[in-house]
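This report covers selected cysteines, a group of paired strands and one helix pair. The model is shown first.

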Amino acid sequence: MPINRRSFLHITAITASLSAAAACSSSSPSPSSSSGAPAADATVDPAAPAAGDKADLVIWADQKKAESIRDKAAAWGQAQGITVAVQIVANDLQTNFVTANQAGNGPDIVIGAHDWIGNLVQNGSIVPVNISAKAKENYSDVALTAVTYDSQTYAVPYAVECVALYVNKALTSHTAPQSIEEIVEAGKAAGTKAALAIQVGEAGDAYHLEPIFTAGGGYMFGKNADGSYNADDLGVGGEGSVKAAEKIAWMGQQGALTTSIDKNNAISTFTDGNAPYLLTGPWALADVKKAGMDYAVVKVPGFESLPGSQARPFAGVNCFYVASNGANKGFAESFVIDVAKDSSFAEAMMVSNELPPAQKDLIEKLKSTSPEMAAFNDFAASADPLPSIPAMAAVWGPLGKAQANIINGADPTSTMTSAGEEIKRSIQG
């Protein structure tokens, strides 16, 4: 069956569309790159246009992002005299967008992570966007760098994420640790079930371990003179990655890293009082606040035992893409220009999906009302943007599994070297 807006959403998504006339209607309120298998069934909002076929502008997003943009998009459409359909694609958003766009039956805009750019450009799925010089001045450097690919701007950013260290002040007096060694020792001294809550799992999690990996001397890809990633300079398997693997092994021996903590229990381990430290991103803030603890959010430090060590997490940027084969490209381009023009869209989206903003004026505003969000933005400023080059797809699995195996006692040198060889073979095809 050919993919079109109607059949696509009946097969793969829960759809929540609305017209601009419903701008005043109410709506109920994870790292963004993850995806799963397409849903076998779906339900459609009975008040919606038929899968967006009658809408003048169609936007696809995951559930949280769709719910956060719904009312603002409807109000924008009402001001323009057009209808806007915001549709929730529950699973495999990036893959399904590429497929539907190639068939000419996809949305006009898709909201996703910046590290999709390499794949989307490679598949001809998106077009460059125009952000005015004035609007660019209001964006953080990391946000603009993240959406730049082959010297062109391919998306409009609105939020920036990275991981940081949460501290339960009731469980430790070391509330601003200056080294990873201090985290390990203070975590052990707390006498809790875990010294540090960080999702690893049996398959590993190279994203969450990136600050530890870089603090130990590792890197995934080197950079060109212009700051872009060099797919020919793979760091996994090299000398620095082996040193990082040795540090990861040490943390495993100390009980600070364990594969028994994964994406399902990392945050709850911390909020239930079973670990004094949690290493994760801003998506955990709501749960931490709900737990009612006295907490702090601080930058992840480096290793004291390694001169010049710096923990550099990845910065992930959430953004708006304009589809290359959208039916209403003119409306789409006008919409993203207005998203970039000021921080009103980003601020509206924070009501139901609180993430650190990419625009400077909103960051400044949050310093008094939501200091944790401002802090995450500061941390992201010194982070490395997630590589958006297609070669990155070959790294996550092998590196994550290698790190998990090392935590469980595998030899750091041979395990990391083998991971590098596997990744090279995959990249070379």
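C162 is buried in this predicted model, because its relative accessibility of 1% lies under the 20% cut-off. C319 is buried as well, with a relative accessible area of 0%. Counting pairs of cysteine sulfur atoms within 2.5 Å gives zero disulfides.

C319 falls within the residue range of strand 12, 314–322. Strand 12 and strand 3 run antiparallel and are joined by five bridges. Strand 3 spans residues 109–113 and is mostly covered, with five of its five residues buried. Strand 3 also pairs with strand 1, residues 57–61, in the parallel sense. The two pairings of strand 3 are set out below.

| Partner of strand 3 | Sense | Bridges | Residues facing each other |
|---|---|---|---|
| Strand 1 (residues 57–61) | parallel | two | I59 and I109 |
| Strand 12 (residues 314–322) | antiparallel | five | Y321 and V110 |

The helix pair consists of helix 16 (residues 396–407) and helix 17 (residues 412–428). Their axes come within 9 Å and cross at roughly 170 degrees. Helix 16 is therefore roughly antiparallel to helix 17, as the angle is over 145 degrees.

Which residues of helix 16 meet helix 17? On the helix 16 side they are P398, L399, A402, Q403, N405 and I406. On the helix 17 side, the contact is made by P412, T415, M416, A419, E422 and I423. By class, this contact has eight nonpolar, three polar and one charged residues.

Terms used
Residues numbered from 1 in each chain as written. Predicted model: local features only at pLDDT ≥ 70, side-chain atom pairs only at ≥ 80, totals over all residues. Heavy atoms only, no water. Axes fitted to C-alpha atoms, helices over the stretch in contact; angles between N-to-C directions. Helix = DSSP H or I, 4+ residues; strand = E, 2+ residues; numbered from the N terminus. Parallel < 35°, antiparallel > 145°, perpendicular 65-115°, else oblique. Contact = heavy atoms within 4.5 Å. Nonpolar A, V, L, I, M, F, W, Y, C, P; charged D, E, K, R; others polar. Buried < 20%, exposed > 50% of the residue type's maximum accessible area, 1.4 Å probe, protein only. Pairing = 2+ DSSP bridges.
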